[in-house]
Amino acid sequence: MNKITCCFIGLGLLGGSIAKSIKRAFGDESTIIAFDPNPGTLSFAKKEGVIDVISNSIELTDFSKCNYLFLCAPITSNIKNLLFVKDLLPPSCLITDVGSVKTDIHNNIKLLGLEKQFIGGHPMAGSEKTGYVNSTNRLLENAYYILTPTPLVSPEKINQYKELVLSLGAIPLILGYKEHDYVTAAVSHLPHIVAAALVNLVKDSDTKDGIMNLIAAGGFKDITRISSSSATMWQQISIENQDNISLLLNDYINALTLIQEHLLEKNQLKLYQLFDGARNYRDSFIDASSGPIKKLYIIYVDIPDEPGVIATIATILANHNISLKNIGIVHNREFEEGVLRIEFYKEESLTDSVILLKNQGYLVYKR
C-alpha cells in the first residue's frame, strides 16, 4: 500500500489505537486527520505525533484526499455523523466503523446510498479502560478484526481493507452483518450482561460487614472483570442488539433453570456433564490476544512470608529490564496457585520472567 490518508471521527480507545497502529505501520507515508468533541484529546494526539491535522468541525473537514474514514464515535453518534459526511466524501473513500453492532449502520448506509463505499469493521480488542489516553499501537495485534462488507462494495476495496488490517497486526475475518451481530451477542454482549448481573447479585447478597466484597478474588474477579467497562457504551450496545441478546438471554435463562433442576435433584451425572463439557469446550479456545478484552499476562509465585521477598523478586525482574504492569499478594487462593500475583504488559516479559524466577529457585505458575 502506498501513501494513505485516514480520517477519524472519534478518537477514543479504539479510534486512538487504530490511528497509532497506522502510524506505527506507515509512518510518514500516512496522513491522519481527526475530529473529536474533546479538544484536549486532539491536542494530546497531535503532540504525540499520532495525528497530523486537527479538525474542529466535521462539516469543515477536508475529506477530498481521504482514503479511509473511520467512524469511531459511540454507535448512535456514528449514524448521525454519516448524515454530515455523506456529501463531503470522494467516491473512492472507504467508510468503515468500529462498532460492535452492525445491523443499524448497514441499514442506514443503504438508505443513504453509500453501499459501494462501506465495509463495517469491528476489531475484537479492547480494555476495561476507555479513552484515547488508554489507547496503544499494539491493541489490535493478533486480534480478530471482523469485516462486514455490503453486497455492492467491490472485491478490490475488500482486499485493500484486508491488507490494511493485516498491516496493523490484526487478523481479518469476513462475516455478514447479521451473522456478526448474532455471534457477538453470544461471545461479547451477553457475557457483559451476565457479569454485571453476577456482580450486582453479590453486592445485594453481601453481609453487613462486606465479607463477600473482602474475599472476592480469583475466579470471581476473572469472570466479572468485563463488568468494569463503560456503562454508557454497554447500554447502547444492549439496545442496538436487543433481538439477538434477548434470544440468547432466553436460552441462557432456560439453561440456568435446567441446571437448578439438576442441582435440586442431586443429579450427579448431569452436573458432571455440565462442568466437563464446559471445560473441554473452554480448553479448545485459541490462546491468542483476540477478543473484546485483551489477554492478561499473569504468573503466580510461591513465596515465603518474609520481609523483603517481594522487593527481591521485583529487583530480579527490573535488573533484566522487565516492566511490571501490576504486582500484589493474593489473599484468596481457592482458584489460584502461588501467593504473589505478577502481571506484565507483554507475553515476552512473562516468558522471560518464568525462566528467570525458576532459575532463582522460585515455584512459578503461569496463568
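These legends go with close-up views of a predicted model.

**View 1. Helix H4 and its buried face.**
Start with helix H4, which covers residues 103-111. Which of its residues are buried? They are Ile105, His106, Asn108 and Ile109. Looking down the axis of H4, you'd find these buried residues within an arc of 165°, so they line one face of the helix. Here's a handy rule: an α-helix has 3.6 residues a turn, so residues three or four places apart point the same way. On the face of H4 turned away from the buried side sit Lys110 and Leu111, both exposed. Just after the helix, look for Gly113, which follows H4 and has a positive phi near 70°.

**View 2. What covers helix H4.**
So what lies over the buried residues of H4? The cover includes helix H3 (75-85) and helix H6 (177-205). Strands join in too, including E4 (68-71), E5 (94-97), E6 (119-123) and E7 (144-149).

**View 3. The largest nonpolar core.**
In soluble globular proteins, nonpolar side chains tend to be buried together. The largest nonpolar core in this model has 36 residues. Those with the most contacts inside this core are Phe8, Leu11, Ile18, Ile22, Phe70, Tyr145 and Tyr161. Plenty of elements pitch in: strands E1 (4-9), E2 (30-35), E4 and E7, along with helices H1 (13-26), H2 (39-48) and H5 (155-167), each supply at least two residues of the core. Which helix gives the largest share? That's H1, with six residues. There's also another core of 20 residues lying apart from this one, and Ile79, Val85, Cys93 and Leu114 are among its members.

**View 4. Zooming in on Ile22.**
What does Ile22 touch, once you leave aside its neighbours within four places in sequence? Its contacts are Ile4, Cys6, Phe8, Gly27, Ser30, Ile32, Phe70 and Leu168. Two of these names, Phe8 and Phe70, also appear with Ile22 among the residues with the most contacts inside the largest core.

**View 5. A nonpolar patch on the surface.**
Some nonpolar side chains show up on the outside: Tyr182, Val183, Val187 and Leu247 make a surface patch of about 330 Å². Helix H6 gives the most to this patch, with three residues. One residue to find in H6 is Val187.

**View 6. The salt bridge between Lys23 and Asp52.**
Side chains of opposite charge can pair when their charged atoms come close. The structure holds eight salt bridges, and one of them joins Lys23 to Asp52, with the closest N and O atoms 2.9 Å apart. This pair links distant parts of the chain, 29 residues apart: Lys23 is in helix H1, while Asp52 is in the loop between H2 and strand E3 (53-55). Lys23 is buried, at a relative accessible area of 16%, whereas Asp52 is partly exposed at 31%.

**View 7. Lys86 and Asp87, side by side.**
Here the side chains of Lys86 and Asp87 meet in a salt bridge, at 3.5 Å from N to O. Buried, partly exposed or exposed: what is Asp87? Asp87 counts as exposed, with 66% relative accessibility, while Lys86 is partly exposed at 32%.

**View 8. A salt-bridge network across two strands.**
Glu343 and Lys325 form a salt bridge through their side chains, at 3.7 Å from N to O. Glu343 belongs to strand E11 (residues 340-344) and Lys325 to strand E10 (residues 324-329), so to speak a link between distant parts of the chain, 18 residues apart. Glu343 counts as buried at 8% relative accessibility, but Lys325 is partly exposed at 43%. Salt bridges with shared partners join Lys325, Arg341 and Glu343 into one network.

Terms used: Residues are numbered from 1 along each chain as its sequence is written. This is a predicted model: local features need pLDDT of at least 70, side-chain atom pairs count only at pLDDT 80 or more; totals for chains, interfaces and linings use all residues. Side-chain values use heavy atoms; hydrogens and water are left out. Buried means under 20% relative accessible area, exposed over 50%, partly exposed in between (1.4 Å probe, protein chains only). Helices (H or I, at least four residues) and strands (E, at least two) are DSSP runs, numbered from the N terminus. The arc is that of the directions from the helix axis to the C-beta atoms. Contact means heavy atoms within 4.5 Å. Patches are made of residues with over 30% relative accessible area and no salt bridge: like charges are joined within 9 Å, nonpolar side chains (Val, Leu, Ile, Met, Phe, Trp, Tyr) within 5 Å. Accessible areas come from the Shrake-Rupley method with a 1.4 Å probe; for residues, only the protein chains shown count as cover. A salt bridge is a side-chain nitrogen of Lys or Arg within 4 Å of a carboxyl oxygen of Asp or Glu. A nonpolar core is a set of buried Ala, Val, Leu, Ile, Met, Phe, Trp, Tyr and Cys residues joined through side-chain atoms within 4.5 Å.
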